[in-house]
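The following note sets out comments on the pockets and on one helix of the structure under review. The points are numbered for ease of reply.

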Amino acid sequence: MYKLIDGKEVSAFIKNQVKDEVEVLKEKGESVSLAVIIVGDNPASRVYVNNKKKACEATGIISYEYALPEETKEEELLALIKELNENSEINGILCQLPLPKHIDEKKVIDAIASEKDVDCFRAENVGKMWLGEYDFAACTPKGVMLLLEYYGIDVCGKNCVIIGRSNIVGKPMASLLLEKSATVTICHSKTKDLASFTRNADVIVAAVGRPKFVTADMVGDGAVVVDVGINRDENGKLCGDVDFENVKEKTSYITPVPGGCGPMTIAVLMRNTLVAYRIQKNG
Ligand code: NAP
């Protein structure tokens with residue numbers, strides 16, 4: 001019998017921790033704040049930004065939204081980021097991706113001050129993760145680690161197979177699992193015989209971006225399956241990268257979509273913003 005990993009419960013727990021700490025700071029006359037930049041009117045980005053703003057409200061973090069039109073020039077966006085970098089009232093800056101095609105995402109990410117890069121996208125923050133010298137880690141992978149920890153799933157010495165090698169999910173996921181002494185394999189679209197890796201995995205993290213891609217025959221008995229994917233199925237219904245209904249009975253633990261990794265990403269963003277505040281205060 002499998003156990004469902006409840007991302008809503010764990011994210012509420014993390015957000016409550018953040019809220020308690022923010023309240024203590026407020027009593028001392030301090031505040032923690034996050035600047036959220038959105039360029040254009042991508043509906044999915046709007047949903048993500050609204051959810052992040054809601055989480056800020058729930059935790060007592062002040063959020064400032066900068067909604068810029070689609071035709072915003074790259075220089076204008078970079079000038080706004082520079083202003084936010086220099087504003088000591090702002091602790092975290094996030095620029096919702098994807099950006100319109102005429103804007104260079106890498107340039108924008110690199111423009112965010114490293115101590116305000118709460119998404120942990122900048123090369124130097126990614127490097128710090130790999131060195132194990134980081135203050136905050138990439139939100140989605142860190143969210144996965146916190147889920148595993150909350151359910152007492154120790155990855156030390158386990159075979160962990162990640163499907164996907166993106167800079168946002170797959171690669172930082174590998175770094176955090178390795179830090180906990182997992183044996184990590186990263187698979188991708190060029191991997192030969194993917195199922196031969198996943199079938200032998202104690203833990204599978206699916207970050208592929210393809211609906212119901214991980215099928216029951218790819219999963220070994222008793223595996224822990226973490227589904228990072230957020231997709232729409234053929235009926236337009238939200239689903240993950242894992243064929244949940246057919247896979248769940250083979251697993252020991254499994255995350256649902258929605259209600260698994262998604263809420264954790266936002267909870268970690270709140271936590272990272274609080275950490276950023278501390279770094280800036282303590283120098
Ligand atoms: P991405 O940048 O598109 O990366 C997808 C990865 O999957 C790539 O590395 C790709 O390999 C690999 N892949 C594609 N087809 C494959 C195949 N047939 N076999 C093996 N590997 C294959 O996506 P992402 O940004 O990492 O996101 C992955 C999923 O997670 C998406 O559904 C996204 O919406 C979701 N997501 C969720 C959260 C959250 O908060 N829960 C956060 C971020 C992303 P190549 O590198 O070889 O192309």
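**Comments on the model**

1. The lining of the second largest pocket takes at least three residues from each of two domains, domain 1 (29–113) and domain 2 (139–262). The model is a predicted one, and the remarks below should be read accordingly.

2. The space in this second largest pocket amounts to about 330 Å³. Its lining consists of 15 residues, and those nearest the centre are Ile109, Phe121, Ala123, Val126 and Asn167. Two or more lining residues come from each of helix 4 (105–111), helix 5 (123–131) and helix 7 (170–179). Helix 5 provides the largest share, with four residues.

3. As to chemical class, the lining of the second largest pocket comprises 11 nonpolar residues, three charged residues and one polar residue.

4. The largest pocket holds about 1200 Å³ of space. It is lined by 48 residues, of which Tyr48, Thr140, Ile230, Gly262 and Thr265 are the closest to its centre. The elements contributing two or more residues to this lining are helix 1 (7–27), helix 2 (43–59), strand 4 (92–95), helix 6 (139–150), strand 9 (231–232) and helix 10 (261–282). Among these, helix 2 gives the largest share, seven residues.

5. Where does the largest pocket lie with respect to domain 1 and domain 2? Both domain 1 (29–113) and domain 2 (139–262) supply residues to its lining, so the pocket lies between them.

6. The lining of the largest pocket is made up of 25 nonpolar, 15 polar and eight charged residues.

7. Helix 3 merits a separate comment. This helix spans residues 74–86, 13 residues in number. From its first C-alpha to its last it reaches 19 Å, close to the 18 Å expected at 1.5 Å a residue.

8. Which residues of helix 3 are buried? They are Glu74, Leu77, Leu80, Ile81 and Leu84. Viewed down the helix axis, the buried residues of helix 3 fall within an arc of 125°, so they line one face of the helix. The general background is that an α-helix has 3.6 residues a turn, so residues three or four places apart point the same way.

9. The opposite side of helix 3 should be described as well. The face turned away from the buried side carries Glu75, Glu83 and Glu86, which are exposed. Glu74, by contrast, is one of the buried residues of this helix.

Definitions and conventions
Residues are numbered from 1 along each chain as its sequence is written. This is a predicted model: local features need pLDDT of at least 70, side-chain atom pairs count only at pLDDT 80 or more; totals for chains, interfaces and linings use all residues. Side-chain values use heavy atoms; hydrogens and water are left out. On a 1 Å grid over the protein atoms alone, a cavity is a set of points where a 1.4 Å probe fits but cannot get out, and a pocket is an open set with protein on both sides within 12 Å along at least five of seven lines; lining residues have an atom within 4 Å of a point. Grid points are joined across faces, edges and corners, and a volume is the space filled by probe spheres set on the points. Ala, Val, Leu, Ile, Met, Phe, Trp, Tyr, Cys and Pro count as nonpolar, Asp, Glu, Lys and Arg as charged, and the others, Gly among them, as polar. Domain bounds come from an automatic or database domain assignment. The expected span of a helix is 1.5 Å times one less than its number of residues. Buried means under 20% relative accessible area, exposed over 50%, partly exposed in between (1.4 Å probe, protein chains only). The arc is that of the directions from the helix axis to the C-beta atoms.
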